[in-house]
Amino acid sequence: MRLGGVRGRLTLGIVTVLAAVLLVAGVLVARDVNRSERQVLDDRLRRTAELSRATAVTAVQQGLPDVDRRLDAVLRATRSSLRLAIGDTVLLDSGTTLPAHRRLALGLRTTAFGATRYRTYAETLRDPGLGGLVRLEVATSLADLEARRAALRRRLALLGAAMLLVAGAGAWLAADLVLRPLRRLRAAAAGIATEGDLERPVPVGGPAELRALAGSFNAMLARLARSADDRNRALEATRRFAADAGHELRTPLTSVQATLSTIARHPEMPADQRGELAREALAEQRRLVELLDSLQALARGDAAPIERADVDLAELVDASVGAAAARHPRTALSADAPPDPVAYRGWEPGLRIMLDNLVENAARHGRPGGRVRVTLRAAENGRGPAIEVDDDGPGIPEDERERVFEPFRRVAGVDRAGSGLGLALVAQQARLHDAAVTVGDSPLGGARLRVDFPAQLP
């Protein structure tokens, strides 16, 4: 039996407690039996003294040997002795012979004569026929009583040992049954640790405490799985950011470097030509800043889970269209939204990024000085809200409509300024909000980008 495990410790604990209980019970039983037998013995000594008093006095006064012999036989049968004495003069000494001793103390006492212990009883009698005060002493050996006590203690010890063995075996078997679900839980946890599969739950069964433990363990696994997904997503976003940045920043940086190098090598360059080169470098620098901002927004969206709250989409549409109108004064931007708030539970910064990039894409790639219309449709008939952005530009060919949401993907034949990440940010935020974004033909003649949000419970 291994005592290092839970099963062994549980069995040892039960046996230890039971041993303590049996020890206390055995001590109490032995004490009660001892007290009872001592009381019986004391009562017998008193009755012996009472019954023998008259007989012993008569035998001494009249010298009746038959009476003396009968009294002696009775006393020897009970391993007792009786003595009558006046002062130091012994008048009668009958029954079991005691070792030489002085007079016994009055009342009930336990006295040792040599290696043997006796229970004694002494009293004084006033008998004028014997010449005054007479001491009556009765004693009986405690050997039989002590032998019975020893036998009782042995029986109690044997019985306790047998009970402990039976209880230990029962506790060992019961612990095996009780801990069997825990062993299954441990085996499942070991398998998860070996394979690293945080998606596999452990079995829930057994007593209520083990079911609660398994439930807590599964909840912990779920949190670890989410944490691992978040970490992997953050690492992937970091790798993508580094790769995209290195690839996309090289061209504008090279252009800026070439422009500045040209200005440095030709100090005699005319002022108007120098100003044109500086304006080109400044435009490339702005493109670099825009590209970096878009890359950071894309990386943040991939790396961190969103925190949802109630957002008024109508207010977001008005704010986004107003900001785009300030950036593109030649483009006619309009917003068509319901007068009442259109509530949706989502991440407000992400929804604003999505709207801003939809409107910016339409304003940049639509017809110069053209029209852009943003329409917000409220949830109805079991469907969630929807946003449509229409422009009157050249549109997007059907074979390009799926690929335009990839990072740095541009429609063939389009050389308008931009980072190439706007629609990638739109697709990312739509995915994070469980929405679907599609490309179609606009009634204005260009492209229509539509975002359909799922219906949400009130």
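Q: Which residue with a positive phi follows α8?
A: This is a predicted model, so keep that in mind as you look around. Just after helix α8 comes a residue whose phi is near 60°. That residue is Asp 434.

Q: How many of the residues of α8 are buried?
A: Helix α8 covers residues 422-432 and is mostly covered. Among the buried ones you'll find Leu 423, Leu 425 and Val 426, along with Gln 428 and Gln 429. The count is 9 of 11.

Q: Are α6 and α7 parallel, perpendicular or oblique to each other?
A: Helix α6 spans residues 313-327 and helix α7 spans residues 348-365; their axes come within 9 Å and cross at roughly 45°. Angles under 35 degrees count as roughly parallel, and 65 to 115 as roughly perpendicular. The crossing of this pair therefore falls under the remaining label, oblique.

Q: How many nonpolar residues does the contact of α6 with α7 have?
A: On the α6 side, the residues that meet α7 include Leu 313, Leu 316, Val 317 and Arg 327. From α7, Leu 351, Leu 355, Val 359 and Glu 360 are among those taking part. By class, the contact has 1 polar and 5 charged residues, and the nonpolar ones number 9.

Q: Which residue in β8 is the bridge partner of Asp 310?
A: Strand β6 (residues 309-312) and β8 run antiparallel, joined by 4 bridges. Side chains alternate along β8: Tyr 344 and Gly 346 are buried on one face, while the other face has Ala 343 and Arg 345, which are not buried. The partner of Asp 310 comes from that second pair: Arg 345.

Terms used:
Residues are numbered from 1 along each chain as its sequence is written. This is a predicted model: local features need pLDDT of at least 70, side-chain atom pairs count only at pLDDT 80 or more; totals for chains, interfaces and linings use all residues. Side-chain values use heavy atoms; hydrogens and water are left out. Axes are lines fitted to C-alpha atoms, for helices over the stretch in contact, and angles run from 0 to 180 degrees between N-to-C directions. Helices (H or I, at least four residues) and strands (E, at least two) are DSSP runs, numbered from the N terminus. Angles under 35 degrees count as roughly parallel, over 145 as roughly antiparallel, 65 to 115 as roughly perpendicular and the rest as oblique. Contact means heavy atoms within 4.5 Å. Ala, Val, Leu, Ile, Met, Phe, Trp, Tyr, Cys and Pro count as nonpolar, Asp, Glu, Lys and Arg as charged, and the others, Gly among them, as polar. Buried means under 20% relative accessible area, exposed over 50%, partly exposed in between (1.4 Å probe, protein chains only). Two strands pair if DSSP finds at least two bridges between them.
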